[in-house]
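Here's a quick briefing to read with the model open beside you. Take a look at the structure, then work through the points.

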Amino acid sequence: MMWLVAASPALRMAPPVMQQGAAVGYAPAATASYSGGVVPTKGSVTESTRLVQGGSLLTWSYRSPMVEQVQVDLSTEGRPLDADIELWHGPDNTPTKMRVYVENGKLRPFNAVIETPRGPNTIAIRNIGQIEFPLAAKVSAQYVDQPVPDCFTSSVTVQGGALRTYPFDPSVDSVQILLRTDGRPLNARIELLQGPNNNKQVIELYTENGLDRPFLCFLQTPGSGNVIRVVNTAPIEFPMTAAVVPYTINEEMSSGVVLGGDVSFIGADKSSSQTPAISRTPPEQMPVKRARQSMESVEQKEVFDSAAREAAAKAKWLAQRAADQAAVEKAIADRAARERSTRGRF
């Protein structure tokens, strides 16, 4: 009886069968090779805007040596922006690095062009702000802005430890800044001020070769009272060439009456009720004229300030020399008086 049950086909279990095929919800990983493109550390291979949280780091790698320039855009939703940007070229080699601070990343986004010759290169952006202050970053190698011709014609030399200021008219919406050297290292500080000692944007820059890797950036200057201050933080042996020129101009702000001499009344008669004739500079020439006048006034002011400083230093030196001479004469007189008193006692 036991043998019949064990041999019965109805009670025998079916042998296991291996199931072949893809599981539900599974897709094979796609493989792709990249050559000469941008390869972010995380995410897909695109040049779209990426979100960098506070305290985090994001990198863009360019393997192709054909990529010689990249444009970096940083912005926020209206919060402050505080970031470190570095260019990595080989192991433990950082030829370009900068620290960027912006009071309002939506009103004044950061936009700069970084030279990346002789790839491969990597752009590293670190948000050094708190976690409550994320920023949006975009690095593009396809559409890179170039300096305007005025950047090369209006360049000036800034010696080590010196600074230059550039005030701009309210009609100037943005300015272009180009810093270069003759092959020496470049150390500079760029400040956007609006009001006395009110920094709206600060850039601290280092480049190991200002000729091979010049620095080009675009600063938004909304409102009035904008002044660009460029400081050469390097020693006196490392001069640099700086150019700060208007980039975009708001033509709507040039219409209407403009104070400061651009509007004049010709042939006005107090006894006449007719409207006096008005002589205006053409709107398309106003921004250029005001920019030229502002730069000329700045140069004149710098000349006067330099002369005043030299005169003050000379007057201070003469006063110090007179005081030293008087002190010497007083010491001689006191010594002679002591000698006379000593001879009188003996």
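What follows covers a buried arginine, an aromatic pair and the nonpolar cores. This is a predicted model, so to speak of local features pLDDT must be at least 70, and side-chain atom pairs count only at pLDDT 80 or more, while totals for chains, interfaces and linings use all residues. Residues are numbered from 1 along each chain as its sequence is written, and side-chain values use heavy atoms, with hydrogens and water left out.

**R213**
- You'll find R213 in the loop between β14 (199-207) and β15 (215-220); strands here are DSSP runs (E, at least two residues), numbered from the N terminus.
- R213 is buried, meaning under 20% relative accessible area with a 1.4 Å probe, protein chains only.
- R213 has no salt bridge, and E208, the nearest side chain of opposite charge, is 4.1 Å away; a salt bridge needs a Lys or Arg side-chain nitrogen within 4 Å of a carboxyl oxygen of Asp or Glu.
- The R213 side chain does reach the backbone oxygen of E115, at 3.4 Å.

**Aromatic pair**
- The whole structure has 1 aromatic pair, which takes ring centres within 6.5 Å.
- F218 and Y247 make up that pair, tilted at 50 degrees between the planes and 4.8 Å centre to centre; tilted covers what is neither stacked (under 30 degrees) nor edge-to-face (over 60).
- F218 sits in β15 and Y247 in β17 (residues 240-249), so the pair ties together parts 29 residues apart in sequence.

**Nonpolar cores**
- The largest nonpolar core (buried Ala, Val, Leu, Ile, Met, Phe, Trp, Tyr and Cys joined through side-chain atoms within 4.5 Å) has 44 residues, and L74, I85, I123, L179 and I228 touch the most other members.
- A second, separate core of 8 residues includes V113, V144, C151 and V245.

Definitions and conventions
Helix = DSSP H or I, 4+ residues; strand = E, 2+ residues; numbered from the N terminus. Buried < 20%, exposed > 50% of the residue type's maximum accessible area, 1.4 Å probe, protein only. Lys, Arg positive; Asp, Glu negative; His and termini not counted. Polar contact = N/O pair within 3.5 Å; in protein donor to acceptor, adjacent residues only side chain to side chain. Phe/Tyr/Trp six-rings, centres within 6.5 Å; stacked < 30°, edge-to-face > 60°.
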